[in-house]
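This report covers a contact between two helices, a surface patch and some backbone features. Please look at the sequence and the structure before reading on.

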Amino acid sequence: MAVARKSDISATGSWFRTAIQNRRNRRSTNLQKQSTHQKIPTKSVPVRSKGNVISSPVSVTDTLQKRKVSIQHHQVPLPLEKPRWERLVSSRVEVTSPRAEATTELSSQDSLPSIPVMPNSRKFPSWLLRLYAIHRHSSVAAFLFVTVTLVVYGWTVYSQQLWSQAYRKLQDLQHHERQLTTINGELKEKMAQDAQRPAAGLVSPTPSGTIFLPRSPVGLNPVSPNTTPNSEIQQQTVNPVGY
Amino acid sequence: MQKSSSRRKLRTHTPGTHQRGGSPPGSDAHHDVVLPKTKSRVLIVWGVLIAAGAGLAFNLYHLQIVCGPKLTEKARSQQMVNLRPFIPRRPVVDRNNDVLAIDRPVYTLYAHPKLFEQSNEKMAHKLASILNQDQSELEKKFQSKRSGILLSPALPEEIADRLNSMRLNGLEFIQKYSRFYPEQDLVSEVVGYVNIDRRGQAGVEYSQEKLLERSVQTVRLSRSGNGALMPNYAPEGFLHFDDLQLQLTIDSRLQRTARSALKQQMDKFSAKRGTVIVMDAWDGSLLALVSQPTYNPNDYSKADISLFKNWTVADLYEPGSTFKPLNVAIALETGAIKPEDMFNDPGFIQVADRTIKDAKGERFGRINVAQILQHSSNVGMVQIIQRLKPSVYYGWLERLGLGQTFDTDLPFAVSSQLKSQEQFLGSPVEAATTSFGQGFSLTPIQLLQMIGALANGGKLVTPHVVRALVDTKGQIHYSPTRAAPRQIFSSAISQKVIEMMETVVDEGTGKASQISGYHIAGKTGTAQIAGRGGYIRGAYITSFLGILPAESPRYVVLALVDQPKGKNVYGGTVAAPIAKSVMEALISIEQIPPSRPMSQAPE
């Protein structure tokens with residue numbers, strides 16, 4: 001994966017770190033396997049022979065040292081062929097002091113274009129790249145799924161809360177409705193009782209105190225209700241006009 | 001973690017190696033010493049972590065699988081509450097949607113003085129004003145017991161709310177539901193009451209139990225930590241109960257007028273009991289049904305038990321003269337008489353071994369059928385019925401529904417009593433006494449039904465008080481099915497009888513019920529009360545039957561006063577004025593226009 005990145009973003013910090021990490025991992029496993037009994041790996045020999053500043057730059061036991069060295073060889077993936085590796089190291093030998101890391105970085109960046117990086121990518125089989133692509137997409141998808149799940153879960157919890165609030169409100173409203181109807185009934189009764197008291201000065205409506213409006217004349221024979229014969233009055237009383 | 005610890009270890013050693021001069025062989029030797037130690041440490045750490053992981057896994061297994069069901073049950077019992085949502089009995093409303101009966105929650109209030117956070121005096125002071133009880137008495141109660149003191153058996157919701165808002169410790173509210181009748185005793189004879197077990201015991205509450213009751217289901221709901229209810233596990237349709245209410249045909253305004261008119265007249269004549277019933281003869285709906293004395297259903301436990309049965313449907317009486325119009329209708333219908341036929345009333349008539357006289361010992365001479373009704377002549381009625389074959393007459397009485405069960409939606413209705421056919425046909429006296437309404441008995445409401453047949457063109461309708469189950473928007477959801485009205489008289493005959501009855505009010509015994517501008521048909525009745533072995537001396541049931549408007553009969557009003565005391569107690573003097581006030585109210589409420597000029601109305 002480092003390879004693919006390398007081609008996109010040449011000589012940036014992130015790329016830098018990834019490369020280091022990669023190598024460190026690989027190297028440490030390599031070293032652990034080989035170097036516990038082997039004193040010095042063959043690879044480190046050329047460094048030692050040329051290196052005059054570092055006492056034991058690629059010593060297996062001295063991990064710190066080794067790391068620093070590897071920092072300097074950042075662009076170089078592990079499976080490099082020997083000549084190139086040697087060339088690289090020799091070109092940097094004078095700056096590979098443990099205390100000159102900053103300068104190393106600068107110089108290494110300066111010298112980036114000269115390093116043939118791209119060719120390495122072809123070493124990764126296409127299925128690996130595809131797998132990597134799938135991994136990337138699936139992680140995005142997984143992230144989205146997790147987000148959606150959290151949102152949905154959150155909603156289910158929140159909706160319950162909303163429901164219980166609404167339920168409480170409903171109960172409150174029902175309570176008020178009950179009180180309203182009851183009090184309304186009580187008030188009506190109270191008013192009726194008060195009205196029935198002689199002191200209230202109220203009388204119940206009587207027909208003599210009621211004004212009935214005669215039906216407005218319809219058709220050719222306008223007749224007032226007072227003089228209508230029985231049959232017509234019957235029709236009138238079915239649907240009283242009002243009063 | 002494993003990695004970092006080993007790294008730290010390595011780092012601490014590095015300076016040493018570095019300082020020593022950096023010979024590879026030296027560092028190699030050191031490497032040999034350190035690594036096994038690291039490995040063992042790594043192993044230990046690994047082991048500890050794995051052991052911890054295994055421990056967690058085991059615990060998980062134990063909690064989830066071994067104790068799982070038990071714990072689930074435990075949690076459920078803590079989180080779930082058995083909720084009995086307030087599912088009230090359906091309210092009862094009158095025809096104008098005024099509430100007659102409604103359910104409301106009430107609280108039984110207990111005090112537990114041992115939980116009081118304030119002194120008994122302070123608590124008593126605070127509670128006394130709200131509960132309307134004496135402070136010193138409350139204090140005494142609090143000192144008498146440590147807990148479980150009943151302060152109020154049925155506290156209204158609003159007072160309970162006020163107490164709740166004071167947040168006093170040591171008070172316990174137990175909710176229950178009680179039926180409330182805002183109109184108090186106004187319609188108690190129709191609505192009835194609900195007892196402490198929430199069962200209807202009288203009136204519509206009893207007879208329409210099925211329509212009024214909603215099924216109360218207990219719901220289990222889960223409850224969150226703060227006590228809020230959660231919707232999961234809530235059953236389908238848990239919140240949706242209908243808003244139906246039982247609508248009656250009763251009009252409370254008319255009911256109120258009728259009651260006050262009846263009460264007034266009963267007080268005047270110190271009568272034993274009385275009733276007023278108003279029926280719309282077109283469909284049999286009762287607009288008012290008042291019986292006096294009555295009870296307050298909110299305080300039913302204090303009422304006289306005998307009042308719980310509605311005597312207008314449960315007690316039989318001999319209708320007396322109010323039955324005469326029906327006999328006239330039967331005679332007209334069978335063709336035995338004609339409206340213009342004349343009869344001679346010498347004041348008495350001999351039937352078999354009995355002499356039948358007119359009520360006041362009067363003699364009316366030659367009178368026609370209408371005049372027989374006007375003067376309520378017993379002798380004339382006997383002569384009319386004598387023109388009928390007794391068996392035909394008996395058949396007609398049965399057709400009217402006498403001696404048969406009576407169908408209505410008020411409970412405890414009894415069937416009327418008519419003598420057996422053999423007995424009836426055995427003596428001519430039977431037919432003669434029946435002609436003026438004695439010798440058989442029926443309920444006031446059944447008489448109203450029969451008179452209703454005269455008012456609606458000859459059909460026997462079912463008197464009822466239940467209109468329908470309606471929702472809050474007034475839409476009808478269910479209306480009870482009733483037997484189809486039975487035609488017994490032809491409409492021409494019934495109209496003829498109504499016209500005769502109109503003369504009773506205009507010129508006869510029913511003058512007290514005249515209303516200026518309106519044609520009223522009516523008939524008074526003063527019936528003797530049958531006791532053991534004969535009629536009770538001096539005890540009468542006075543009644544008045546009014547039909548209005550006479551030109552297009554629709555409403556039938558029956559006013560009945562049982563055993564009025566004093567002089568001059570007749571249907572026309574005691575009951576007719578009641579009927580008049582009721583009819584006046586009815587005219588205003590139903591907006592019946594006058595049918596004759598007010599000035600020309602006979603005074």
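## Two helices in contact

In this predicted model, helix H7 of chain A (residues 126–196) and helix H6 of chain B (residues 157–165) have axes that come within 11 Å and cross at roughly 130°. Because of this angle, H7(A) is oblique to H6(B); angles under 35 degrees count as roughly parallel, over 145 as roughly antiparallel, 65 to 115 as roughly perpendicular and the rest as oblique. Axes are lines fitted to C-alpha atoms, for helices over the stretch in contact, with angles from 0 to 180 degrees between N-to-C directions. Helices (H or I, at least four residues) and strands (E, at least two) are DSSP runs, numbered from the N terminus.

A:His175, A:Arg178 and A:Gln179 of H7(A) meet B:Glu157, B:Glu158 and B:Asp161 of H6(B), where contact means heavy atoms within 4.5 Å. By class, four of the residues in this contact are charged, two are polar and none is nonpolar.

## Backbone features of chain B

The peptide bond from B:Gln292 to B:Pro293 is cis, with omega near -5°. B:Pro293 sits in the loop between strand S10 (285–292) and helix H11 (311–314) of chain B. Another cis bond runs from B:Leu548 to B:Pro549, with omega near -15°.

B:Ser376 is not a glycine, yet has a positive phi of about 55°. Most residues other than glycine have a negative phi, and most peptide bonds are trans.

## Conventions

Residues are numbered from 1 along each chain as its sequence is written, and chains are lettered from A in the order in which they are written. Local features need pLDDT of at least 70, side-chain atom pairs count only at pLDDT 80 or more, and totals for chains, interfaces and linings use all residues, while side-chain values use heavy atoms, without hydrogens and water.

Methods
Ala, Val, Leu, Ile, Met, Phe, Trp, Tyr, Cys and Pro count as nonpolar, Asp, Glu, Lys and Arg as charged, and the others, Gly among them, as polar.
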